[in-house]
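Got a minute to go through a model together? Let's take the ligands and a few of the strands and helices in turn.

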Amino acid sequence: MTEVRVPRVLTIAGSDSGGGAGIQADLKTFQELGVYGMSAITAITVQNTLGVHGVYPLPPEAAAEQIEAVGSDLGVDALKTGMLFNAEIIRLVADQIHKFGWEKVVVDPVMIAKGGAELLQNEAVLAMKEHLLPLALVVTPNIPEAEVLAGMRIRTMEDRREAARRIHALGPKIVVIKGGHDEGGPDREDRDHEEARIYGISAGADREENLEKHSEEHSEEHSEEHSDKYMKEILAEHTEEQMEKHMDKHQEDHTNNHKNNHKNNHINDHINDHMEDILKENTEKHMEVHLDVVNHPDDQTRTAMHPEKYSHMNSPIFKAVGNDRDPQVIDLIYDGAAFTELSGKRVNTVHTHGTGCTFSAAIAAGLAQGMSAFDAIRSGRSFIQAAIEDGLNLGQGHGPTNHWAYQRRLGVLR
Ligand SMILES: Nc1ncnc2c1ncn2[C@@H]1O[C@H](COP(=O)(O)OP(=O)(O)OP(=O)(O)O)[C@@H](O)[C@H]1O
Ligand SMILES: Cc1ncc(CO)c(N)n1
């Protein structure tokens, strides 16, 4: 008789005292998805929903030794990396992955926190590209991280596809460029002007030509100094944008405060004892995970899906509801052969702290459970969509997502 063993997943990441991102988000996600979670901590961050107030990296050997301890004893079916902080930690982590021969590796190339704090030293980007990305099965940059890794600006979906091709060329088998930061719309022109300020170029007709030149220079040079400068420019720009958006959202939040307080007191009062009732009280809107898959005509990826194995995802709760007027978040997936767009309804909330950590942790959990990479990504997207939709409204800034939401919705179905 074969022994059934629980899937084992390791996260190599930083600690978030606020509990919404980093190691804490990963372990909560693993637990919710029914896999056994283990951790190798790279750094301790002093963090809450208002921002990162301190970063205390551990000695690089501490990460390597934690990985050695769990790898040599408990075993690892899949792993994810998050905040790695510096080049030395990246090199040692890559050495361990290589030594153990682990293949189900999800790299979340964490660089900055929402709010702007540096979670990866600028000079470590090169180590990430050279040592870690070649070992990744799935890499999940957000848009600013994809810009840094690809050495180009991302304005349009075509830019995103080009960035995905460039990142894929660095070695990972599947690239997912997440869309959380792509708010699209009228700010694009402002971004062109901001870019013009940074590069000293025109925001008009010759913009593309200049950018092209810049990215050619970038790929030719490959020097640490150059990538350091480029990363600083990109991150500074995105940080400014994030801070402005944060302030706007805060004002909006104040206006809605009274309404929200009422709703959240209600949720908190009942959260443990009457969760099923609360879920039933929530409207249809709350009950659905709005996901849709759009494949390009030559796309083969869709055949990699096995809906019969994950039949719960075809239930009304997880089915796309298909309202084209809803603002969408699109995650772009590229496997070296075809592009797939995974789109979901954009939730209008500031409580998105740790979305990337949670998403990549859910992908690693799916891989450990034997899902194909595409199914694991789709399942991870459903997990984070539910977690954002059923937000907890904690803290005064960017609050955490609700790691219970996905399983609790499934619980209602059972
Ligand atoms: N407002 C939103 N509504 C719905 N889905 C979202 C929203 N924001 C992000 N997502 C989803 O969450 C996942 C993480 O995307 P995001 O771009 O926010 O990552 P990130 O910036 O790396 O997150 P973080 O740095 O907070 O960990 C993606 O699957 C994305 O589509
Ligand atoms: C520790 C840690 N890792 C990752 C992120 C990115 O969300 C964060 N804010 N904190």
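What follows is a set of questions and answers on this predicted model.

Q: Which side chain has an N or O atom 2.7 Å from a nitrogen atom of ligand 2?
A: Start with the shell, which includes G14, S15, T45, Q47, H353 and C357. The 2.7 Å pair takes a nitrogen atom on the ligand 2 side and an N or O atom of a side chain on the protein side. That side chain belongs to Q47.

Q: How much of the accessible area of ligand 2 does the protein cover?
A: The residues around ligand 2 include A21, G22, M83, V110, A113 and L119. On its own, ligand 2 has 290 Å² of accessible area. The share covered by the protein is 92%.

Q: Which strands each supply at least two residues of the shell around ligand 2, and how many charged residues does that shell hold?
A: The strands are β1 (8–16) and β2 (36–48). As for character, the shell has six nonpolar and six polar residues. The number of charged ones is zero: there are no charged residues in the shell.

Q: Which side chain puts an N or O atom 2.6 Å from an oxygen atom of ligand 1?
A: Ligand 1 has 20 residues around it, with K114, K178, H181, D331 and V347 the closest. Polar backbone atoms also come up: one of G180 is 3.1 Å from an oxygen atom of ligand 1, and one of T352 is 3.4 Å from an oxygen atom of ligand 1. For the 2.6 Å pair, the side chain is that of D331.

Q: What share of ligand 1 does the protein bury?
A: Take the oxygen atom of ligand 1 that lies 2.6 Å from the D331 side chain as a starting point. Ligand 1 taken alone exposes 630 Å². Of that area, the protein buries 95%.

Q: Which elements give two or more residues to the shell around ligand 1, and how many of the shell residues are charged?
A: Strand β9 (328–334) is one of the elements, along with α13 (355–368) and α14 (373–389). By character, the shell has six nonpolar and eight polar residues. The charged ones number six.

Q: Is K178 buried or exposed?
A: K178 sits in the loop between β7 (174–177) and α7 (187–199), and its side chain makes a polar contact with the side chain of D108 at 3.5 Å. Its relative accessible area is 10%. Buried means under 20%, so K178 is buried.

Q: Which faces of strand β4 (residues 78–81) are covered?
A: On one side, A78 and K80 are buried. On the other, L79 and T81 are buried too. The answer is both faces.

Q: In which sense do β1 and β4 pair, and what is the bridge partner of I12 in β4?
A: Four bridges link β1 and β4, and the sense is parallel. The partner of I12 in β4 is T81.

Q: What is the handedness of the unit made by β4, helix α3 (residues 87–100) and β5?
A: β4 and strand β5 (residues 105–107) run parallel, joined by three bridges. L79 has V105 as its bridge partner in β5. With α3, the two strands make a β-α-β unit that is right-handed.

Q: How many residues of helix α5 (residues 143–150) are buried, and which residue follows the helix?
A: The buried residues of α5 include I143, E145, E147 and L149. The count is eight of eight. After α5 comes a residue with a positive phi, near 70°: G151.

Definitions and conventions
Residues numbered from 1 in each chain as written. Chains lettered and ligands numbered in written order. Predicted model: local features only at pLDDT ≥ 70, side-chain atom pairs only at ≥ 80, totals over all residues. Heavy atoms only, no water. Near = heavy atom within 4 Å. Polar contact = N/O pair within 3.5 Å; in protein donor to acceptor, adjacent residues only side chain to side chain. Areas by Shrake-Rupley, 256 points an atom, 1.4 Å probe, with all protein chains shown as cover. Nonpolar A, V, L, I, M, F, W, Y, C, P; charged D, E, K, R; others polar. Buried < 20%, exposed > 50% of the residue type's maximum accessible area, 1.4 Å probe, protein only. Pairing = 2+ DSSP bridges. Right-handed = clockwise from strand over helix to strand, strands pointing away.
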